[in-house]
Amino acid sequence: MKWPLTNLDLVLKRIFRYLVKIYLGQYLEEYSQDKLSYGFSYGSGSAENIVFNIEALNAKSEEYKLPVEFLSCTIDFMSICVPWLNFATKNSVVEVKGLKIIVQPKERPDAAEKEDQKLKLCTQCCHAAQAKLKQKQ
């Protein structure tokens, strides 16, 4: 029995949404499957107005020991094109428009300690220099 194209289309749409949810869902805030469009016969999919989950991004930032924390991250439009029939010989293309990332330097507890050590070392150098000057006089 052959499936009508509409049923196959619905199955492919569900697969696409499932893959997006599994691989990107934890990073997306307000994930809505209605924001996704697809064209599996062409190997393409797209999404608009993507808002990222800041807590998930900051968790990855900690994991990779990045010196910044994320405050905001959005994408106006993203599309992906995968040449299913020529996957091994043609390139896949991801297009991102309107990427906006706001980060700030991460405050590290050890940074204050290092600054204190530098200040102490500088103070010690100044005292040593003063002592040498007094010896010469």
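How many salt bridges does the structure hold? I looked this up before anything else, and I noted that the structure holds four of them. I also wrote down at the start that I am working with a predicted model, so that I read each value as computed from it.

**Entry on the charged pairs**

I began with Glu-62 and Lys-106, whose side chains meet in a salt bridge with 3.1 Å from N to O. Glu-62 belongs to helix H2 (residues 54-63), while Lys-106 sits in the loop between strand E5 (93-105) and helix H3 (109-136), so this pair ties together parts that lie 44 residues apart in sequence. I then looked up how open each partner is: Glu-62 is exposed, at 51% relative accessible area, whereas Lys-106 has 18% and counts as buried, because the cut-off for buried is under 20%.

Next I turned to Asp-76 and Lys-100, which form a salt bridge of 2.9 Å, again from N to O. Asp-76 is in strand E4 (residues 68-81) and Lys-100 is in strand E5, so this pair ties together parts 24 residues apart in sequence. Asp-76 is partly exposed at 35% relative accessibility, and Lys-100 is also partly exposed, at 42%.

Another bridge on my list joins the side chains of Lys-97 and Glu-95, with 3.5 Å from N to O. Lys-97 counts as partly exposed at 45%, and Glu-95 counts as partly exposed at 35%. As a reminder to myself, I added that side chains of opposite charge can pair when their charged atoms come close.

**Entry on the order of the elements**

I counted through the chain and found three helices and five strands, which run α-β-β-β-α-β-β-α from the N terminus on. I then checked the confidence, and the mean pLDDT of the chain is 80, with 81% of its residues at 70 or more. Among the elements, strand E2 (residues 36-39) has the lowest mean pLDDT, at 69, and E5 has the highest, at 93.

**Entry on what is inside**

Which residues make up the largest nonpolar core? I found twelve residues in it, namely Phe-16, Val-20, Tyr-27, Leu-28, Ala-47, Ile-50, Phe-52, Ala-56, Leu-57, Phe-70, Cys-73 and Ile-75. At least two residues of this core come from each of H1, strand E3 (44-52), H2 and E4.

I followed Tyr-27 further, and, leaving aside its neighbours within four places in sequence, I found this residue in contact with Val-51, Phe-52, Asn-53, Ala-56, Leu-57 and Lys-60. For the whole chain, I noted that buried residues make up 20% of its 137 residues. I also noted that, of the contacts between residues at least 6 apart in sequence, 55% join residues at least 24 apart.

Ser-79, which is found in strand E4, is buried with a relative accessible area of 16%. Apart from its neighbours within four places in sequence, Ser-79 is in contact with Gly-45, Ser-46, Val-93, Val-94 and Glu-95; Glu-95 had already come up in my notes as the salt-bridge partner of Lys-97.

**Entry on the surface**

The chain exposes about 11,200 Å², and carbon and sulfur atoms supply 59% of that area. On the surface I found a nonpolar patch formed by Val-11, Ile-15, Tyr-18, Leu-19, Ile-22, Tyr-23 and Leu-24, which together have about 670 Å² of accessible area. I looked up Leu-19 from this patch, and it is found in helix H1 (residues 5-24), where it counts as partly exposed at 40% relative accessibility.

**Entry on strand E3 and two backbone angles**

Glu-48 is found in strand E3 and is partly exposed at 45% relative accessibility. Glu-48 and Thr-74 are 26 residues apart in sequence, and their C-alpha atoms are 9.8 Å apart in space.

Which sign does the phi of Asn-49 have, positive or negative? I found it positive, at about 50 degrees, although Asn-49 is not a glycine. I set this beside the general rule that most residues other than glycine have a negative phi. Asn-49 is placed in strand E3 and is partly exposed, with 47% relative accessible area.

Lys-65 likewise is not a glycine and has a positive phi, of about 55 degrees. Lys-65 lies in the loop between H2 and E4, and at 65% relative accessibility it counts as exposed.

How values were computed: Residues are numbered from 1 along each chain as its sequence is written. Side-chain values use heavy atoms; hydrogens and water are left out. A salt bridge is a side-chain nitrogen of Lys or Arg within 4 Å of a carboxyl oxygen of Asp or Glu. Helices (H or I, at least four residues) and strands (E, at least two) are DSSP runs, numbered from the N terminus. Buried means under 20% relative accessible area, exposed over 50%, partly exposed in between (1.4 Å probe, protein chains only). pLDDT is the predictor's confidence in each residue, from 0 to 100. Patches are made of residues with over 30% relative accessible area and no salt bridge: like charges are joined within 9 Å, nonpolar side chains (Val, Leu, Ile, Met, Phe, Trp, Tyr) within 5 Å. Accessible areas come from the Shrake-Rupley method with a 1.4 Å probe; for residues, only the protein chains shown count as cover. A nonpolar core is a set of buried Ala, Val, Leu, Ile, Met, Phe, Trp, Tyr and Cys residues joined through side-chain atoms within 4.5 Å. Contact means heavy atoms within 4.5 Å.
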